[in-house]
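Reader: I am new to this structure and would like to understand the words used for its empty spaces and its ligand. Could you take me through them?

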Amino acid sequence: MTELFSVGDPIADTKAPDGPVETRWDRRRFSAKLVNPANKRKLSVIVVGTGLAGGSAAATLGELGYRVRSYCYQDSPRRAHSIAAQGGINAAKNYRNDGDSVHRLFYDTVKGGDFRSRESNVHRLAQVSVEIIDQCVAQGVPFAREYGGLLDTRSFGGAQVSRTFYARGQTGQQLLLGAYQALERQVAAGTVEMFTRHEMLELIVVDGRARGIVVRDMVTGEISTDLADAVVLASGGYGNVFFLSTNAKGCNVTATWRAHRKGALFANPCYTQIHPTCIPVSGDHQSKLTLMSESLRNDGRVWVPKKAGDDRAAADIPEDERDYYLERIYPAFGNLVPRDIASRAAKNVCDEGRGVGPGGLGVYLDFADAIGRLGRKAVEAKYGNLFEMYERITGEDPYEVPMRIYPAVHYTMGGLWVDYDLQATIPGLFVIGEANFSDHGANRLGASALMQGLADGYFVLPNTIGDYLAAGPFEKLTADHPDVARTRTDVEDRIAKLLAVDGDRTVDSFHRELGRIMWEYCGMERTDAGLRKAIDLIRGLRNEFWQRVRVPGDGEGLNQSLERAGRVADFFELAELMCIDALHRTESCGGHFRAESQTPEGEAERDDENFSYVAAWEFTGTGDAPVLHKEDLIFEYVHPTQRSYK
Ligand SMILES: Cc1cc2nc3c(=O)[nH]c(=O)nc-3n(C[C@H](O)[C@H](O)[C@H](O)COP(=O)(O)OP(=O)(O)OC[C@H]3O[C@@H](n4cnc5c(N)ncnc54)[C@H](O)[C@@H]3O)c2cc1C
């Protein structure tokens with residue numbers, strides 16, 4: 001295996017304070033250098049991304065007085081993928097008085113990350129979760145409320161307390177509208193300048209510091225550079241490397257991958273979260289998958305027929321011939337087991353020939369009991385928009401027949417390596433939200449991504465970036481600085497190269513084939529032989545891409561094929577690294593299931609002795625062996641145990 005990668009020096013998170021975990025964040029905030037308000041006006045920050053992470057960061061940095069320039073590729077910041085988040089956001093408010101606390105959220109999240117995340121970061125996340133809810137309520141985010149007026153909560157997988165705050169099935173949308181309003185307020189105040197329909201295609205590094213970006217105006221095709229004292233990437237996750245995923249079609253890895261190629265380490269790329277409740281694939285025509293929120297597992301019961309090959313309609317299968325397999329195998333958590341466990345269990349019953357629907361790749365999520373117990377009206381009030389969405393897509397009415405669901409790629413826990421301050425290995429480059437790797441470990445639980453995005457953007461970054469910027473403003477740069485000009489030329493050359501191939505295969509056909517390879521060999525279950533095969537297939541397909549891809553049109557104006565071609569080219573390189581990372585980690589941990597490493601009961605078996613580390617990868621050239629830097633994980637408060645949800 002060593003020919004596929006080499007092992008370099010270990011890496012450490014030198015910014016994380018030691019001492020009692022409860023006071024680490026306070027102490028870091030106190031020790032971080034401050035920037036005088038008058039000096040903030042002299043400091044500029046580029047923020048790439050306007051989702052929950054980037055939108056909240058740009059708004060807060062603007063409010064603090066920095067000069068912010070904010071970028072997104074959509075026509076409005078409001079269209080960032082965060083808007084799709086349905087289920088909710090965790091916070092340790094304990095409004096239910098059901099035993100929740102900051103410590104319990106910390107504990108559940110470390111455990112939910114299968115002991116592959118940092119205690120310091122996760123504790124900070126749990127602490128800040130409480131402030132997020134107050135902040136969003138103050139902005140007017142319409143969280144669901146109970147009759148008594150308190151904010152309502154619901155349960156999510158992997159937790160036995162009810163701590164997920166929600167706004168029907170549109171939590172991301174409502175939170176993003178809150179962040180967007182805060183952002184627009186700063187735009188109106190003149191502290192934030194907004195650039196929509198601009199795609200970052202390269203990071204500019206001068207004298208070892210991140211100093212700017214190269215962007216393409218997606219409407220005019222103009223390439224330009226933007227220079228600042230620091231760059232923040234909030235560019236989201238890379239689930240679309242699988243082609244079919246629940247992510248918005250535009251989600252891509254380009255911003256972080258380009259930074260990785262410039263020296264930023266990429267951590268844990270193989271950790272992918274597969275979500276158990278998605279509408280099953282219905283055919284080759286599909287270009288994306290749709291999530292049915294996890295919140296549905298609060299009331300929906302998952303089952304398949306007991307007998308393999310039973311193709312009777314659900315209503316014709318009597319109760320005693322149904323297998324409510326999650327309730328049977330995991331009685332303590334039942335239908336609310338964590339996502340990796342629910343996903344693998346669905347795959348197992350389908351592999352046994354007990355799946356339902358076309359191709360046998362589906363399981364039932366049944367609301368008959370809930371409707372009987374609570375009444376249709378109550379179910380409608382909680383999940384109405386999700387039921388409607390399901391009916392529109394499948395043509396089946398979930399009030400009458402059970403939903404059919406199957407796992408799909410949903411979230412990526414890997415991302416650029418950052419320290420406690422959220423700074424990457426390139427000084428001056430900060431990475432927040434789904435784009436970094438920091439807080440989730442191997443099996444991110446539900447409702448914790450929104451929490452992390454907003455924690456990073458509203459509370460963490462605005463405190464930590466000052467420690468870096470206090471040494472600024474840095475040397476003034478102009479577009480004709482040799483490093484700046486060279487980076488811009490690199491972008492122009494790459495675009496010209498993509499257009500020059502002039503081949504006979506569409507970008508999408510390559511992307512679809514790459515996605516199939518990734519799902520087959522680096523999806524829900526991975527094996528040594530499968531991953532090796534995937535690496536060969538990816539390399540072959542990548543070479544073919546550069547010889548046969550057809551990008552019609554030119555670079556002078558709107559050209560969506562060109563945009564996609566650049567993103568797919570980056571996906572090819574990322575896919576190879578994901579497989580190498582998955583191959584080297586010969587243990588199973590949460591979101592990464594290695595078939596060779598399972599307990600006799602078929603559960604994921606970790607290898608704490610050999611793999612209790614963050615795998616941070618260094619780029620050495622396309623197709624060249626990357627270098628692995630290990631960051632050891634130390635557990636002082638939540639001691640690693642085999643996860644059990646039985
Ligand atoms: C269907 C679905 C439902 C979900 N539900 C939940 C939930 O209920 N609870 C939960 O906690 N999590 C949920 N998640 C996960 C969560 O929504 C995401 O992890 C989170 O919203 C990511 O936020 P972000 O700000 O990091 O990135 P995003 O919201 O993806 O924003 C990325 C931004 O970066 C910009 N960008 C990217 N690349 C470039 C570039 N090269 N140049 C310029 N701009 C660029 C985009 O324009 C966009 O503005 C869900 C995910 C999905 C797919």
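Author: Gladly; we will go from cavity to pocket to ligand. This is a predicted model, in which local features need pLDDT of at least 70 and side-chain atom pairs count only at pLDDT 80 or more, while totals for chains, interfaces and linings use all residues. Residues are numbered from 1 along each chain as its sequence is written, and side-chain values use heavy atoms, with hydrogens and water left out.

Reader: What makes a space a cavity, and how many cavities of 30 Å³ or more are there?

Author: On a 1 Å grid over the protein atoms alone, a cavity is a set of points where a 1.4 Å probe fits but cannot get out, whereas a pocket is an open set with protein on both sides within 12 Å along at least five of seven lines. Searching the whole structure gives 6 cavities of 30 Å³ or more. The largest cavity holds about 130 Å³, a volume being the space filled by probe spheres set on the grid points, which are joined across faces, edges and corners.

Reader: Which residues line the largest cavity?

Author: There are 14, and Glu573, Phe619, Gly621, Gly623 and Asp624 are the closest to its centre. They count as lining because each has an atom within 4 Å of a point. Helix α16 supplies the largest share, 4 residues; helices are DSSP runs of H or I with at least four residues, strands are E runs of at least two, and both are numbered from the N terminus.

Reader: What is known about the second largest pocket?

Author: Its space is about 650 Å³. Of its 24 lining residues, Leu244, Val281, Leu361, Arg516 and Trp519 are the closest to the centre. The most come from α14, with 5 residues.

Reader: Why is the approach of Gln74 to the ligand called a polar contact?

Author: A polar contact is a pair of N or O atoms within 3.5 Å; within protein, one must be able to donate a hydrogen and the other to accept it, and residues adjacent in sequence count only if both atoms are side-chain atoms. A polar side-chain atom of Gln74 lies 2.4 Å from an oxygen atom of the ligand, so the pair is inside that limit. A backbone N or O atom of Met200 also lies 2.8 Å from a ligand nitrogen atom.

Reader: How much of the ligand is buried by the protein?

Author: Alone, the ligand exposes 1,000 Å², and the protein buries 98% of that, by the Shrake-Rupley method with a 1.4 Å probe.
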